[in-house]
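Me: I'd like to go through this structure with you piece by piece. Can we start with a sheet and then move on to whatever else comes up?

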Amino acid sequence: MNPRRIDKYRWQLDPDGLMRVPGIVYTSARMLKQLTKEDALKQVANVATLPGIVRASLAMPDIHWGYGFPIGGVAAFDWQDGVVSPGGVGYDINCGVRLAGTGLVFKDIFPCLKELADALYRHIPTGVGKTGSVALTAKEEKQVLVQGSQWAVRQGFGVAEDIEHTEDRGCLPDADPDQISERALERGKKQLGTLGSGNHFVEVGVVEEIFHEQAAQAFGLYEGQVTVMVHSGSRGLGYQVCDDFLAFMNKHVRSLDIKLPDRQLACAYIQSKEGQRYLRAMACAANYAWANRQILMHQCRRIFEQTLNISPKALDMQLIYDVCHNIAKKEEHEVDGKPQLVCVHRKGATRAFGPGQPELVQAYRNVGQPILIPGDMGTASYVMAGTKRAMKETFGSTCHGAGRVLSRSAAKKQCKGRAIHRELEDRGILVRWTGRSTLAEEMPEAYKDVSEVVDVVHGAGLSIKVAKLRPAVVIKG
Amino acid sequence: MSEKDYRFIDHTADFGIQVWASSAKALFLRTAMIVYDLMVFRQGTGRHFTYTCHIEGEDWPDLMINWLREVLGFWHSQEKILCDVTIDALTETGLQATCVLEDYDCHRHVITREIKAVTYHQIFCGPCEKGWCASVIFDL
């Protein structure tokens, strides 16, 4: 794969073989070198072979090798003639990030930082297969699948404003629990309000730098402010939905005229019964994930209040935004000067709607959607804002994080003899974790430099830098 | 399971295994047991249950994926640990197995690595120079 340079931040894979459209990769010359060592570019090309793909198969600078679609991939398919692919969404349906601001500054929490880290770790269920504090009946679980965040808020896990500050108001329409298998329902029943394992986290951060005053003001961010970021998804339920439909579509796709370069790209036409079934099941898992993050954030609120012994008013923890980065959505975009309905797959990519979009809450409509880009646990995270250019070029999409650069086993090898938690503590970051190898696998060097990733999407005009957050407390699964 | 029977495959986000065996039956048995050896550290024995499963697939790779899906499902949906397997019958499109399972017990079992799903990515399952071989990438 030899991509052709278009400009400083854009490379093109010209259509070749079965590719229906070009591939466009947003990256830097330095990161591209790393990328060509793995098969991620081939995956960008593979996605370009799928029927109904519109304009291009896109890859954000945090791209790395996934299965089927690359992580960091964006592809839009015509709503009438295109396909939907569970592999283009990923296993952890609606894995995403939410960021809350508080009325506190760092010196307010500094004396209690250890107590706060311990309390968050104690009360937020983390790790493999952990069960949550919210036990659901079969009837309640189906309500969660249909109502999403709104169910959680109705149960007292949050306030109405949280809903307004969540992508799609925390609920995809057309969710149909009848499309969910018994096994998926079983997995979902006990895991609501749990963080999970791997790269999921709760992070207490501090706003270190503001880059864009007007947007920061609209988002309610200021220097020195304490923030809380939650990264989690649809847990076992989402995995099971993806797995069930991958198996189903692998059979189904054999009856179609689609030649797949990779079985993980199994798909169905959006307008077919099979495609609609997946979209309805996926919506259920997406809604479960939103309810999950809503509950996790509300748990953080209670833990802060109790540990710091302050009132909800003094804490003033307000949701800035919740974004999903593994999803397929029906959206209208301008293609060749005309509006077109498409199904945008974002797998390890974030919606980046620009100013003026009616989907955005009024407070953000002038500056664009908040975009939350977590980095590794030792560096920084960024808040960005969506742009009109992203609407034109990438179906309103941008990157989702730093992106892995080392495999887990390579990270563990590099980690031998090191105490990562002490190294982080020396940098002022308290970390609590559950999994035996979590810290080694998630060490800062395992990821690309998030600042470089963010500089690419900023430079390319897909989103603009608003604020940089530094981590103070990290809870990992 | 001896590490000579398999090797790890490096993948940026996740990991995989390549497994060898003398026959197709031995390969399906061995791959299932390796998955649990990689996931769980166990001490002692608990009450055992037997469970018979029937799996179908379009071809050898699809059958292997569907078999491992079933096997992982013991943990994911029932919190049961696979202790032993007998492959009772096997063709390219179908498998019948008797699985010996036990309940997860936090005092005897330590989950050392969570394998969340099995993927079609770079899947291989079939005859090879050494007999039979499978390559499978897992989502962690």
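Me: Which strands form the open sheet in chain B, and in what order?
Reply: This is a predicted model, and in chain B three strands form an open sheet in the order β4-β6-β5, with antiparallel pairing. The edges are taken by β4 (48-56) and β5 (80-91) of chain B, each of which has a single partner strand, so one side of each is left without a neighbour in the sheet. On average, neighbouring strands of this sheet are turned by 20° against each other, direction ignored.

Me: How many bridges join β5(B) to β6?
Reply: Ten bridges join β5(B) to strand β6 (residues 94-103) of chain B, and the two run antiparallel. One pair to look at is B:K80, whose bridge partner in β6(B) is B:D103.

Me: Which strands does helix α1 of chain B touch, and what about helix α2?
Reply: Helix α1 (residues 24-39) of chain B packs on the sheet by touching β5 and β6 of chain B, and its direction makes about 165° with that of β5(B). Helix α2 (residues 60-78) of chain B also packs on the sheet, touching β4, β5 and β6 of chain B, with its direction at about 155° to that of β5(B).

Me: Where is B:E79, then?
Reply: B:E79 is in the loop between α2 and β5 of chain B. Its phi is near 55°, which is a positive value in a residue other than glycine. For context, most residues other than glycine have a negative phi.

Me: Is B:E79 buried or exposed?
Reply: B:E79 has 29% relative accessibility, so it counts as partly exposed.

Me: And what is phi for B:Q122?
Reply: Phi of B:Q122 is near 55° as well, again a positive value in a residue other than glycine. B:Q122 lies in the loop between β8 (117-118) and β9 (124-128) of chain B, and because its relative accessibility is 41%, B:Q122 counts as partly exposed.

Me: Switching to pockets: what volume does the second largest one have?
Reply: The second largest pocket has a volume of about 410 Å³. Its lining is made up of 20 residues, and those lying nearest its centre are A:L172, A:P173, A:D174, A:K329 and A:K330.

Me: Which elements give two or more residues to that lining?
Reply: Those elements are α11 (273-308) and β12 (326-335) of chain A. The largest share of the lining, six residues, comes from β12(A).

Me: How does the lining of the second largest pocket split by class?
Reply: By class, the lining of this pocket has eight nonpolar, three polar and nine charged residues.

Me: Now A:V361, where does that sit?
Reply: A:V361 is placed in the loop between β14 (350-351) and β15 (370-373) of chain A. A residue counts as buried under 20% relative accessible area, and A:V361, at 18% relative accessibility, therefore counts as buried.

Me: What is A:V361 in contact with, leaving aside neighbours within four places in sequence?
Reply: With those neighbours left aside, A:V361 is in contact with A:E164 and A:H165. The C-alpha atoms of A:V361 and A:H252, which are 109 residues apart along the chain, are separated by 40 Å.

Me: Last one, A:P312: which helix is that in, and what does it touch?
Reply: A:P312 is in helix α12 (residues 312-315) of chain A. Not counting residues up to four places away in sequence, A:P312 touches A:R302 and A:E305. Between the C-alpha atoms of A:P312 and A:D257, 55 residues apart along the chain, the separation is 58 Å.

How values were computed: Residues are numbered from 1 along each chain as its sequence is written. Chains are lettered from A and ligands numbered from 1 in the order in which they are written. This is a predicted model: local features need pLDDT of at least 70, side-chain atom pairs count only at pLDDT 80 or more; totals for chains, interfaces and linings use all residues. Side-chain values use heavy atoms; hydrogens and water are left out. Helices (H or I, at least four residues) and strands (E, at least two) are DSSP runs, numbered from the N terminus. Contact means heavy atoms within 4.5 Å. Two strands pair if DSSP finds at least two bridges between them. Axes are lines fitted to C-alpha atoms, for helices over the stretch in contact, and angles run from 0 to 180 degrees between N-to-C directions. On a 1 Å grid over the protein atoms alone, a cavity is a set of points where a 1.4 Å probe fits but cannot get out, and a pocket is an open set with protein on both sides within 12 Å along at least five of seven lines; lining residues have an atom within 4 Å of a point. Grid points are joined across faces, edges and corners, and a volume is the space filled by probe spheres set on the points. Ala, Val, Leu, Ile, Met, Phe, Trp, Tyr, Cys and Pro count as nonpolar, Asp, Glu, Lys and Arg as charged, and the others, Gly among them, as polar. Buried means under 20% relative accessible area, exposed over 50%, partly exposed in between (1.4 Å probe, protein chains only).
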